[in-house]
Amino acid sequence: MDRIIIRGGNRLSGRLPISGAKNAALTLMPCALLTDEPLTLRNLPRLADVDGFGHLLNQLGASTRIEGTSPQDFGRVMTIRAGKLTSTEAPYDIVRKMRASILVLGPVLARAGEARVSLPGGCAIGNRPIDLHLKALEAIGAELEMAAGYVRASAPGGRLSGGRYRFPVVSVGATENVVMAAALAKGSSRIENAAREPEIVDLCRCLVAMGARIDGIGTETLEIEGVDRLHGATYAVMPDRIEAGSYACAAAITGGDLTLTGVAADDMGATLAALTEAGVTVEPSKDSVRVAATGPVGPLTLTTAPFPGFATDMQAQFMAMLCKADGTSVLTETIFENRYMHVPELARMGADITVSGRTAVVKGVDRLVGAPVMATDLRASMSLILAGLAAEGETQVSRVYHLDRGYERLEEKLSAVGADIERIGDG
Ligand SMILES: CC(=O)N[C@H]1[C@@H](OP(=O)(O)OP(=O)(O)OC[C@H]2O[C@@H](n3ccc(=O)[nH]c3=O)[C@H](O)[C@@H]2O)O[C@H](CO)[C@@H](O)[C@@H]1O
Ligand SMILES: C=C(OP(=O)(O)O)C(=O)O
């Protein structure tokens with residue numbers, strides 16, 4: 001298993017390119033299952049999860065072709081063609097490695113009239129049930145059955161009816177699943193208390209480019225008028241606002257000056273507001289953001305919330321940054337019940353953090369010291385990288401396969417702006 005070694009203390013500066021968004025890519029790729037025509041996605045990040053999702057699409061009978069890119073290019077172009085689905089099953093072996101596999105349920109059901117998908121189970125950050133995906137699909141006409149760890153869904157008469165559903169809790173994935181399925185339903189659907197994350201907007205725009213009829217895009221009420229068929233399209237994946245936010249924290253924690261290029265600052269409101277509140281200079285322009293800091297950042301009080309609130313996917317990175325803040329910060333995690341796995345690892349590097357229930361109190365310290373640490377999930381891993389960049393001496397991060405799910409060529413991007421970082425393979 002690879003490890004990442006960081007010798008901390010370097011101030012980062014320069015331009016750092018931001019990739020296409022993992023979480024948008026993982027909901028745009030299954031859209032290809034809704035049509036027999038090709039869907040071409042541009043600006044796809046080179047990530048383990050994207051490769052894994054491609055593999056799942058192949059299992060279902062779709063072909064995936066990566067066009068004309070050389071290894072040094074960011075932003076791949078993939079054409080997915082699901083002329084005919086040869087299988088309607090997402091097997092346990094794939095779903096257990098990548099939770100987002102559940103996002104084939106709605107599209108396969110809508111296209112083929114039936115789908116069988118393994119239940120994903122929990123993961124390091126929490127229990128993560130899929131009951132809301134199932135309730136929403138049921139509300140638009142799906143019949144469901146659970147057996148042997150799988151959910152089997154069918155549409156009576158081969159086609160979903162459409163219907164109305166109000167989410168009791170905001171769910172990104174469940175909103176995505178039901179919107180994709182409703183796009184091909186016989187009738188219309190109204191989805192209330194829908195997630196409003198920019199990735200949902202990206203999904204809706206792609207579906208509209210494929211011929212879907214959706215009103216209320218970007219609001220909490222989505223009205224979808226089902227169409228008989230969708231067609232192919234070419235669509236560019238939105239910039240990764242979480243990757244951009246993570247590197248913004250890298251600029252801040254190293255007292256650096258980074259210009260993040262290829263970003264959509266409008267999608268990063270809560271992150272940029274929090275950085276500004278912490279005394280970091282934030283200068284957004286058309287498709288870049290400059291983030292610069294000179295001394296220790298100021299303390300913050302942050303609570304995670306669905307968009308437009310402060311993203312849970314940024315909590316660990318902000319915690320790392322605040323470990324060296326000039327004062328005491330309070331972070332509250334409201335989305336996932338177990339998203340503080342990075343705390344004991346940060347403590348090994350000298351951080352002073354006390355967790356009580358959903359709240360973490362982070363007392364800023366003058367120095368962090370490099371140590372061997374273990375990545376436990378994607379954003380927790382990034383928090384360890386950030387702490388390592390600011391720590392004295394060497395930090396070794398193991399289990400970096402978590403990072404490879406969501407950060408494209410991390411060591412290359414960070415070395416190019418001055419970090420002393422390398423990946424070491426064990427075998
Ligand atoms: C691939 C992808 O886009 N992942 C993102 C997506 O995950 P994901 O779509 O899994 O997250 P959700 O928005 O669904 O989860 C929000 C909350 O709802 C709960 N819940 C969700 C579904 C369900 O059927 N029942 C239920 O109780 C979850 O356990 C969690 O507590 O949104 C999360 C919240 O912004 C992000 O952290 C993830 O990075
Ligand atoms: C939790 C995340 O992803 P996933 O939903 O794919 O596990 C994340 O991107 O931080």
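These are my notebook entries on two domains, two ligand shells, a core and some annotated residues in this structure.

**Ground rules.** I am working with a predicted model, where local features need pLDDT of at least 70, side-chain atom pairs count only at pLDDT 80 or more, and totals for chains, interfaces and linings use all residues. Residues are numbered from 1 along each chain as its sequence is written, while chains are lettered from A and ligands numbered from 1 in the order in which they are written.

**Domains.** I began with the domain assignment, which gives domain 1 (3-19 + 239-424) and domain 2 (22-236); such bounds come from an automatic or database assignment. Taken over C-alpha atoms, their centres are 30 Å apart. Domain 1 puts 19 residues into the contact and domain 2 puts in 16; I count a contact when two C-beta atoms, placed from the backbone, lie within 7 Å. On the domain 1 side I found six nonpolar, four polar and nine charged residues. For these classes, Ala, Val, Leu, Ile, Met, Phe, Trp, Tyr, Cys and Pro are nonpolar, Asp, Glu, Lys and Arg are charged, and the others, Gly among them, are polar.

**Ligand 1.** Which residues are the closest to ligand 1? I noted Asn23, Leu132, Ser171, Val172 and Gly173, out of 20 that surround the ligand (a residue is near if its C-beta atom, placed from the backbone, lies within 6 Å of the molecule). H1, H5 and helix H6 (172-182) each bring at least two residues to this shell; helices (H or I, at least four residues) and strands (E, at least two) are DSSP runs numbered from the N terminus. By class I get ten nonpolar, seven polar and three charged residues. The shell lies between domain 1 and domain 2, because both give residues to it.

**Ligand 2.** Around ligand 2 I listed Asn23, Arg99, Ala100, Asp313, Leu378, Arg379 and Gly406. That makes two nonpolar, two polar and three charged residues. Both domains contribute residues here too, so this shell lies between them.

**Lys22 and Asn23.** UniProt lists this pair under "binding site" in an unreviewed entry; its positions are in the numbering used here, feature names are shortened, and annotations may be inferred rather than shown by experiment. Lys22 is found in helix H1 (residues 22-28), and Asn23 is in helix H1 as well. Are they buried or exposed? Lys22 is buried, with 26 other C-beta atoms within 10 Å, and Asn23 is buried with 25. The cut-offs are 20 or more other C-beta atoms within 10 Å for buried, 12 or fewer for exposed, and partly exposed in between, with C-beta atoms placed from the backbone. Beyond four places in sequence, Lys22 is in contact with Pro45, Leu47, Asp49, Asp240 and Gly406.

**Cys123.** The unreviewed UniProt entry places "active site" at Cys123. I located Cys123 in the loop between strand E7 (114-118) and helix H5 (131-139). Cys123 is partly exposed, because 13 other C-beta atoms lie within 10 Å. Leaving out residues up to four places away in sequence, Cys123 touches Arg99 and Arg128.

**Core.** Last, I looked at the largest nonpolar core, with 147 residues, where Leu109, Ala181, Ala252 and Leu386 touch the most other members. Its members are buried Ala, Val, Leu, Ile, Met, Phe, Trp, Tyr and Cys residues joined through C-beta atoms within 7 Å. Domain 1 and domain 2 both give residues to this core, so it lies between them. Leu109 has contacts that include Leu137, Ala142, Leu160 and Ala181.
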